[in-house]
Amino acid sequence: MSEPSLRDRIEQYYATVPLLFAEAEEFGPLRLFVRKTAGTPYYGGPYHARPASAGSETAAAADIARVRARQRELGVPEAFEWLAEVTPSLRARIEAAGLPVTERPLMSLDPHHPLPPQSLPEGVTIRALDADDPALPAVLAIPVLAFAAEGTAVGSAGRAELAAAADKLTGDGTVAATRPSLCAGHKTLVAAFAPDGTPLAAGHYHPATGTTEIGGIGTLPTARRQGLGAAVMAALAIHAREHGVHTVFLAYAEEAVARIYARLGFRPVGTTLLIANQPARGQ
């Protein structure tokens with residue numbers, strides 16, 4: 001039996017990793033992942049990892065409407081996500097239903113590509129967090145501030161804003177909802193810390209079937225342009241490899257960020273399609 005292709009492994013990952021946190025409801029050739037616990041809602045999409053002959057190419061307007069109706073019933077965004085190359089016809093049908101579609105190119109790291117740790121500013125350290133780490137609220141707040149100020153330029157949000165965002169995530173239950181995933185090994189968080197313990201950059205990954213997507217890479221806006229995001233990305237990939245992950249991939253939205261990943265050894269592999277402005281999946 002031949003080994004699955006890289007694209008097959010990514011498709012299988014999309015079919016598997018949500019089941020760590022959600023139930024799958026089927027709507028003909030489409031699936032909707034419905035969270036079992038609190039957290040950012042998941043998406044609908046093709047019946048992942050099922051061949052076209054079994055129906056993955058036959059989603060009709062009625063199927064899409066049924067998924068959207070269920071999402072409205074659940075009170076979650078009408079979100080869809082899928083690999084463009086696996087189900088190319090779905091885009092036109094989604095857009096015909098009135099939902100705007102955007103592209104996120106994918107990059108993958110060759111499993112044999114050497115990935116040494118990146119250099120860090122003096123005194124800065126990187127570590128993976130456990131569920132009881134006192135820095136957890138602030139680490140979870142890093143991408144909130146980073147994605148609110150898009151781009152790679154140095155911004156104004158710094159330690160005061162980080163503390164306020166961390167307090168908000170503690171108060172709304174996000175921190176508590178994250179701890180079980182960390183305890184179970186379903187989520188790994190890595191962050192770079194200033195000498196005084198303040199987190200400066202962070203990211204995460206969720207392993208499944210020997211594959212993972214690295215996501216949530218963000219740097220505190222006042223700490224940008226020091227190579228911290230690249231260092232966290234490399235640390236995440238190294239950590240994943242050391243824990244049995246063979247296929248590491250990611251999605252990106254900005255070419256400036258893609259160039260950073262390319263310097264680390266990531267190469268283009270395909271495109272994921274999703275509804276414009278839908279919430280980033282948070283597991």
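Which residues is threonine 198 in contact with, leaving aside its neighbours within four places in sequence? That was my starting point today.

**Entry 1: threonine 198**

I noted that this is a predicted model before I looked anything up. Then I listed the contacts of threonine 198: Arg159, Leu162, Ala192 and Phe193. For Arg159 I found something extra, since the side chain of threonine 198 makes a polar contact with the side chain of arginine 159, at 3.1 Å.

Next I asked where threonine 198 is found. I located it in the loop between strand S7 (188–193) and strand S8 (199–208). Is threonine 198 buried or exposed? Its relative accessibility is 15%, and buried means under 20%, so I wrote it down as buried.

I also checked a distance. Threonine 198 and alanine 135 are 63 residues apart along the chain, yet I read a separation of 7.8 Å between their C-alpha atoms.

**Entry 2: strand S7 and its partners**

From the loop I moved to S7. I saw that S7 and S8 form a hairpin with five residues between them. In the turn, I noted that glycine 197 has a positive phi of about 95°. The two strands run antiparallel and are joined by six bridges. As one example, I found proline 199 in S8 as the bridge partner of phenylalanine 193.

On the other side I looked at S6, which is joined to S7 by four bridges, again running antiparallel. Here I picked out isoleucine 126, whose bridge partner in S7 is alanine 192.

Why is S7 described as largely enclosed by the rest of the structure? I counted its buried residues and got six of six, so the description fits. I then sorted them by face: Thr188, Val190 and Ala192 lie on one side, and Leu189, Ala191 and Phe193 on the other, and all are buried.

**Entry 3: the eight-stranded sheet**

I stepped back to see the sheet that holds S7. It is an open sheet of eight strands with mixed pairing, and I copied its order as S4-S11-S5-S10-S9-S8-S7-S6. Its edge strands are S4 (81–83) and S6 (125–128), each pairing on one side only. I also noted the turn between neighbouring strands, which is 25° on average with direction ignored.

Then I followed S11 (residues 266–275). Nine bridges join it to S5 (residues 101–109), and the two run antiparallel. Two pairs helped me trace the match: arginine 104 has threonine 272 as its bridge partner in S11, and glutamate 103 stands opposite leucine 273. S4 also runs antiparallel to S11, joined by three bridges. Leucine 83 has threonine 272 as its bridge partner in S11, so I met threonine 272 twice, with arginine 104 as its other partner. I found S11 mostly covered, with eight of its ten residues buried.

I also stopped at threonine 211, which lies in strand S9 (residues 211–219). It is buried, with a relative accessible area of 1%. Not counting residues up to four places away in sequence, I listed Arg9, Tyr13, His206, Val245, Thr247 and Phe249 as the residues it touches.

**Entry 4: the three-stranded sheet**

I found another open sheet, made of three strands in the order S1-S2-S3 with antiparallel pairing. Strand S1 (22–27) and strand S3 (44–46) are at the edges with a single partner strand each, so one side of each has no neighbour in the sheet. Neighbouring strands here are turned by 30° against each other on average, direction ignored.

S1 pairs with S2 (residues 30–35) over six bridges. Within that pair, I saw glutamate 23 opposite valine 34. Helix H2 (residues 61–74) packs on this sheet and touches S1, S2 and S3, and I noted about 10° between its direction and that of S2.

**Entry 5: two helices**

How do H4 and H6 pack? I found an angle of about 100° between helix H4 (residues 136–148) and helix H6 (residues 174–184), with their axes 10 Å apart. They are therefore roughly perpendicular. Leu136, Pro137 and Leu140 in H4 meet Thr174, Val175, Thr178, Arg179 and Leu182 in H6.

**Entry 6: confidence**

Last, I checked the pLDDT. Its mean over the chain is 91, and 94% of the residues reach 70 or more. Over residues 52–56, however, it stays under 50, and the model has six contacts for them beyond four places in sequence.

How values were computed: Residues are numbered from 1 along each chain as its sequence is written. This is a predicted model: local features need pLDDT of at least 70, side-chain atom pairs count only at pLDDT 80 or more; totals for chains, interfaces and linings use all residues. Side-chain values use heavy atoms; hydrogens and water are left out. Buried means under 20% relative accessible area, exposed over 50%, partly exposed in between (1.4 Å probe, protein chains only). Contact means heavy atoms within 4.5 Å. Two strands pair if DSSP finds at least two bridges between them. Axes are lines fitted to C-alpha atoms, for helices over the stretch in contact, and angles run from 0 to 180 degrees between N-to-C directions. pLDDT is the predictor's confidence in each residue, from 0 to 100. A polar contact is a pair of N or O atoms within 3.5 Å; within protein, one must be able to donate a hydrogen and the other to accept it, and residues adjacent in sequence count only if both atoms are side-chain atoms. Angles under 35 degrees count as roughly parallel, over 145 as roughly antiparallel, 65 to 115 as roughly perpendicular and the rest as oblique.
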